[in-house]
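Q: Please take a close look at the sheet in this model. I would like to know how it is put together and what surrounds it.

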Amino acid sequence: MKERTEKVRNLINGYKSSYLLIASVRIGLFDILLSGSNTCERISGLLGIKYEIIELILNALVALGLVEKKESYYSLTDFKDIFSKDSAYSQLGYVNYAWDMTEKWRNLENLLINSKKYDIQEIENKENNEKRIRTFLEAMNANAVSQGIYLVKNYKFEKLLLGPQGNLVQAAIG
């Protein structure tokens, strides 16, 4: 019973890591860490957020293995490319997409209840659909570029057919 209880609690609490990661990206914390090691005091000053709050966030990111702490300095671990907007492996588009999707997930219960009464198209308005589509496409583009580069670098192709995105992949791999 203990294992099942723990599993359910871990599933329920999974949102905490997601929100922590998304919020850290959105406030610019990873941008600061990409520039090198910094103290909590310096990071707090750069972000304009109270030291105690940033310290909690940084230590939580350390616990997740995304950030490391050596003495009083925090830095990114092997995840630099994931959080760099200039990296072909960047997942920042996906983070933004995930943020936009959180509202949908938070309102899932209402959607289910209201869908009994209304057509789903009446629940979503055009602006939300356009925003969701835009962020989804940004996320997919971020993933497609990094995956394309990986395939080109790691597999030998006898014939390589490049579509409309081909120029982007060629430029990204030099």
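A: In this predicted model, 3 strands make up an open sheet with antiparallel pairing, and their order is S1-S3-S2. S1 and S2 are the edge strands, each pairing on one side only. Helix H4 packs on this sheet and touches S2 and S3, with its direction at about 110° to that of S2.

The pairings can be taken in turn. Strand S1, residues 38-39, pairs with S3 in the antiparallel sense over 2 bridges. Within that pairing, Thr39 has Tyr73 of S3 as its bridge partner. On the other side, strand S2, residues 67-70, runs antiparallel to S3 and is joined to it by 4 bridges. Here Lys69 is bridged to Tyr74 of S3, and Lys70 is bridged to Tyr73 of S3. Tyr73 is thus a bridge partner of Thr39 as well as of Lys70.

S2 and S3 form a hairpin with 2 residues between the strands. Glu71 lies in the loop between them. Its phi is positive, about 55°, although Glu71 is not a glycine. Most residues other than glycine have a negative phi. Glu71 counts as exposed because its relative accessibility is 76%, and the cut-off for exposed is over 50%.

Ser75 belongs to strand S3. With a relative accessibility of 13%, Ser75 counts as buried, since buried means under 20%. Apart from neighbours within four places in sequence, Ser75 is in contact with Leu33, Ser37, Val67 and Glu68. Two of these names, Leu33 and Val67, come up again in the nonpolar core.

That core is the largest nonpolar one and has 20 residues; Phe30, Leu33, Ile43, Leu58 and Val67 are those with the most contacts inside it. The elements that give it two or more residues are helices H1 (2-27), H2 (29-34), H3 (40-47), H4 (51-64) and H6 (92-106), together with strand S3 (73-76). H2 supplies the largest share, 4 residues. In soluble globular proteins, nonpolar side chains tend to be buried together.

Leu58 shows how the helices and the sheet meet. Leu58 falls within the range of H4, the helix that packs on the sheet. Not counting residues up to four places away in sequence, Leu58 touches Leu29, Leu33, Cys40, Ile43 and Tyr74. Of these, Leu29 and Leu33 fall within the range of H2, Cys40 and Ile43 within that of H3, and Tyr74 within that of S3. Tyr74 is also the bridge partner of Lys69 in S3, and Leu33 is also among the contacts of Ser75.

For the setting of the sheet, the protein has 10 helices and 3 strands. Along the sequence the pattern reads α-α-β-α-α-β-β-α-α-α-α-α-α. Of its 174 residues, 26% count as buried. Among contacts between residues at least 6 apart in sequence, 53% join residues at least 24 apart. The accessible surface comes to about 12800 Å², and carbon and sulfur atoms account for 54% of it.

Key: Residues are numbered from 1 along each chain as its sequence is written. This is a predicted model: local features need pLDDT of at least 70, side-chain atom pairs count only at pLDDT 80 or more; totals for chains, interfaces and linings use all residues. Side-chain values use heavy atoms; hydrogens and water are left out. A nonpolar core is a set of buried Ala, Val, Leu, Ile, Met, Phe, Trp, Tyr and Cys residues joined through side-chain atoms within 4.5 Å. Buried means under 20% relative accessible area, exposed over 50%, partly exposed in between (1.4 Å probe, protein chains only). Contact means heavy atoms within 4.5 Å. Two strands pair if DSSP finds at least two bridges between them. Axes are lines fitted to C-alpha atoms, for helices over the stretch in contact, and angles run from 0 to 180 degrees between N-to-C directions. Accessible areas come from the Shrake-Rupley method with a 1.4 Å probe; for residues, only the protein chains shown count as cover.
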